[in-house]
Amino acid sequence: MRDPQNIDAVCVANPDFMGYIFYPKSKRYVGDQPDVSIFSRVPSSIQKVGVFVNEELETVIDLCKKYSIEVAQLHGNESKEYCQEVQKSGLLVFKAFSLDDKFDFGQLKNYALSVDYFLFDTKGKLPGGTGEKFNWQILDQYLLNVPFFLSGGIAPDDANAIKKIRHPQLFALDINSGFELQPALKDVPAVTDFVKRIKN
């Protein structure tokens, strides 16, 4: 998110989180010196999430403090020790993992005490989303007690299918490209309708 009016409109839909991409190679990058107003206009009922990929630890902490961001979402090869240091700074940590049918959920045990939530996205060639779904049935292999966000190609017409997922640790949904008019510009009616359908 980076357009002030679009942010205001999405806030009316009352999502639980709002994400800002701090990865320069992303077409949704907020920029080197984003205006503080795109963060300060978000009400306290919505937690702000900074999305980073293999960023310097101090940079993550400094940017989150500068813009009053409560959550660091980590999409790179960050270690459990890195995640622990981010937590020690007072931030929540979402650690993203890219899944395919061969994904080894056993590797997540190493992170169980170092993150607040996992985020499961679709495996692609580059960091970040692919706009495509992975096979949601493999979530049955996830047996840890750390709650997770479901991401990866979620579209407006997926609400009913998602509500049928009964995994006890499914905590929230991460929606992005399937709800965009263009990169970093959300389709507000689609977001509003989806949030309403999921929360009801």
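Tutor: A strand here is a DSSP run of E of at least two residues, and strands are numbered from the N terminus. L181, for example, is found in strand β8. Keep in mind that this is a predicted model.

Student: How many helices and strands does the protein have?

Tutor: The protein has nine strands, along with six helices. Its radius of gyration is 16 Å, and the globule rule for 200 residues gives 16 Å, so the protein is as compact as a globular protein of that length. As for outer dimensions, the C-alpha trace spans about 40 × 40 × 30 Å along the principal axes.

Student: I would like to read burial next. Is L181 buried or exposed?

Tutor: Compare the relative accessible area with two cut-offs: under 20% is buried, over 50% is exposed, and what lies in between is partly exposed. L181 has 58% relative accessibility, so it counts as exposed.

Student: Which residues does L181 touch, not counting residues up to four places away in sequence?

Tutor: L181 touches K186 and D187. For distance across the structure, take F94: the two residues are 87 apart in sequence, and their C-alpha atoms are 26 Å apart in space.

Student: What percentage of the residues in the protein are buried?

Tutor: Buried residues make up 46% of the 200. The accessible surface of the protein comes to about 10400 Å², and carbon and sulfur atoms hold 48% of that surface.

Student: Where is I21 found, and is it buried or exposed?

Tutor: I21 is in strand β1, which covers residues 17-21. Its relative accessibility is 15%, and therefore I21 counts as buried. Leaving aside neighbours within four places in sequence, I21 is in contact with S26, R28, Y29, V30 and V51.

Student: How do I read a residue that falls between the cut-offs, such as L57?

Tutor: Use the middle class. L57, in helix α3, has a relative accessible area of 25%, so it is partly exposed. With neighbours within four places in sequence left aside, its contacts are Y82, E85 and V86.

Student: How far is L57 from I21 in space?

Tutor: From C-alpha to C-alpha, L57 and I21 are 16 Å apart, with their positions 36 residues apart in sequence as the separation. L57 and A190 are 133 residues apart along the chain, and their C-alpha atoms are separated by 35 Å.

Student: How should I read contacts for the whole protein?

Tutor: Take contacts between residues at least 6 apart in sequence, and find what portion joins residues at least 24 apart; in this protein that portion is 55%.

Student: Which residues touch the most other members of the largest nonpolar core?

Tutor: That core has 54 residues, and Y20, F118 and F120 touch the most other members. The element that gives the most to this core is helix α6 (residues 188-199), with five residues. Apart from this core lies another, of twelve residues, among them V51, V71, F94 and A172.

Student: Which residues does F118 touch?

Tutor: Not counting residues up to four places away in sequence, F118 touches K95, F97, L108, Y111, Y142, L144, V146, P147, F148 and F149.

Student: Where is Q169, and what is it in contact with?

Tutor: Q169 is in the loop between α5 (159-163) and β7 (170-173). With a relative accessible area of 16%, Q169 is buried. Its contacts, leaving aside neighbours within four places in sequence, are Y142, L144, N145, V146, P147 and F148.

Student: How do I read a phi angle?

Tutor: Look at the sign first. Most residues other than glycine have a negative phi. S68 has a phi near 55°, a positive value in a residue other than glycine. A184 also has a positive phi, near 75°, and is not glycine.

Student: Where are S68 and A184 placed?

Tutor: S68 is in the loop between α3 (57-66) and β3 (71-74). A184 is in the loop between β8 (180-182) and β9 (185-186). At 48% relative accessibility S68 counts as partly exposed, whereas A184, at 5%, counts as buried.

Student: Last, how far apart are the mean positions of the positive and negative charges?

Tutor: To read this, average the places of each sign and compare the two points. The protein has 23 positive and 26 negative charges, and their mean positions are 3 Å apart.

Key: Residues are numbered from 1 along each chain as its sequence is written. This is a predicted model: local features need pLDDT of at least 70, side-chain atom pairs count only at pLDDT 80 or more; totals for chains, interfaces and linings use all residues. Side-chain values use heavy atoms; hydrogens and water are left out. Helices (H or I, at least four residues) and strands (E, at least two) are DSSP runs, numbered from the N terminus. The radius of gyration is taken over C-alpha atoms; the globule rule is 2.2 Å times the number of residues to the power 0.38. Buried means under 20% relative accessible area, exposed over 50%, partly exposed in between (1.4 Å probe, protein chains only). Contact means heavy atoms within 4.5 Å. Accessible areas come from the Shrake-Rupley method with a 1.4 Å probe; for residues, only the protein chains shown count as cover. Lys and Arg count as positive and Asp and Glu as negative; His and the chain ends are not counted. The place of a charge is taken as NZ of Lys, CZ of Arg, CG of Asp or CD of Glu. A nonpolar core is a set of buried Ala, Val, Leu, Ile, Met, Phe, Trp, Tyr and Cys residues joined through side-chain atoms within 4.5 Å.
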